[in-house]
Amino acid sequence: FWRDMVAYTWNIVTLEGTESIRDMLEETLKDKTGTTTWKMAEQRPSGRDSFPPPLKVTEDSSICEFWCDITTVEGKGYAHVRLDAKKKRATTLLTTLLELHDQPFRTDDKRSR
């Protein structure tokens, strides 16, 4: 499953199966000339707790979950990835865009009140 929240599709969509995911990527990335980068997310303060939570692996080491910071042609966001070692594939993926490159999220005294 892939749940995209604006990062690639500019919509909120849930895709199931490799064919529908491949079709979405081919359609949404065909006119884009820039690159998309993914890297393991760095922890940062977020309310009461740090975000994202650390890498999580099940007791039998069959499932691994982690967060990535992503950069698309349009902006920055994050992704949550769940890998299944037994099936040797990603089982779920969430991507979401947090800010646009030409309209960065304002903080501190730059933020309108």
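Me: Where does M40 lie?
Reply: M40 lies in strand β3, which covers residues 37-40. The model in view is a predicted one.

Me: And is M40 buried, partly exposed or exposed?
Reply: M40 counts as partly exposed, because its relative accessibility is 48% and that class runs from 20% up to 50%.

Me: Which residues make a nonpolar surface patch with M40?
Reply: L55 and V57 join M40 in that patch, and its area is about 290 Å².

Me: Let us step back. How many helices and strands are in the protein?
Reply: The protein has one helix and nine strands. Along the sequence they follow the pattern β-β-α-β-β-β-β-β-β-β.

Me: What share of the residues is buried?
Reply: Of the 113 residues in the protein, 29% are buried. The accessible surface of the protein is about 8,400 Å², and carbon and sulfur atoms account for 51% of that surface.

Me: What about contacts between residues 24 or more positions apart?
Reply: Such residues supply 41% of the contacts in the protein that have a separation of 6 or more.

Me: Now the helix. What span should α1 have, and what does the model show?
Reply: Helix α1 holds 12 residues, 18-29, and should span 16 Å at 1.5 Å a residue. The C-alpha atoms at its ends are 16 Å apart, so the model agrees with the expected span.

Me: Which residues of α1 are buried?
Reply: I21, M24 and T28 are buried in α1. These residues lie on the same side of α1, because they cover an arc of only 65 degrees around the axis.

Me: What is exposed on the other side of α1?
Reply: T18 and E19 are the exposed residues named there.

Me: And what covers the buried residues of α1?
Reply: The cover includes strands β1 (2-5) and β2 (12-15).

Me: Different topic: how many salt bridges are there?
Reply: The count comes to three salt bridges. In general, side chains of opposite charge can pair when their charged atoms come close.

Me: Which residue forms a salt bridge with K86?
Reply: D60 does, with 3.7 Å from N to O. The pair links distant parts of the chain, 26 residues apart. K86 is in the loop between β8 (75-84) and β9 (89-100), while D60 is in the loop between β6 (56-57) and β7 (63-71).

Me: Is K86 buried or exposed?
Reply: K86 counts as exposed, because its relative accessibility is 65% and the exposed class begins over 50%.

Me: How far apart are the closest N and O atoms of K56 and E65?
Reply: In the salt bridge between K56 and E65, those atoms are 3.8 Å apart. E65 itself counts as buried, because its relative accessibility is 17% and buried means under 20%.

Me: What about E65 and R82?
Reply: E65 also forms a salt bridge with R82, where the closest N and O atoms are 3.4 Å apart. E65 lies in strand β7 and R82 in strand β8, so this pair ties together parts that are 17 residues apart in sequence. R82 counts as partly exposed, at 28% relative accessibility.

Me: Which residues are joined into one network?
Reply: K56, E65 and R82 form one network, joined by salt bridges that share partners.

Note on methods:
Residues are numbered from 1 along each chain as its sequence is written. This is a predicted model: local features need pLDDT of at least 70, side-chain atom pairs count only at pLDDT 80 or more; totals for chains, interfaces and linings use all residues. Side-chain values use heavy atoms; hydrogens and water are left out. A salt bridge is a side-chain nitrogen of Lys or Arg within 4 Å of a carboxyl oxygen of Asp or Glu. Buried means under 20% relative accessible area, exposed over 50%, partly exposed in between (1.4 Å probe, protein chains only). Helices (H or I, at least four residues) and strands (E, at least two) are DSSP runs, numbered from the N terminus. Patches are made of residues with over 30% relative accessible area and no salt bridge: like charges are joined within 9 Å, nonpolar side chains (Val, Leu, Ile, Met, Phe, Trp, Tyr) within 5 Å. Accessible areas come from the Shrake-Rupley method with a 1.4 Å probe; for residues, only the protein chains shown count as cover. The expected span of a helix is 1.5 Å times one less than its number of residues. The arc is that of the directions from the helix axis to the C-beta atoms. Contact means heavy atoms within 4.5 Å.
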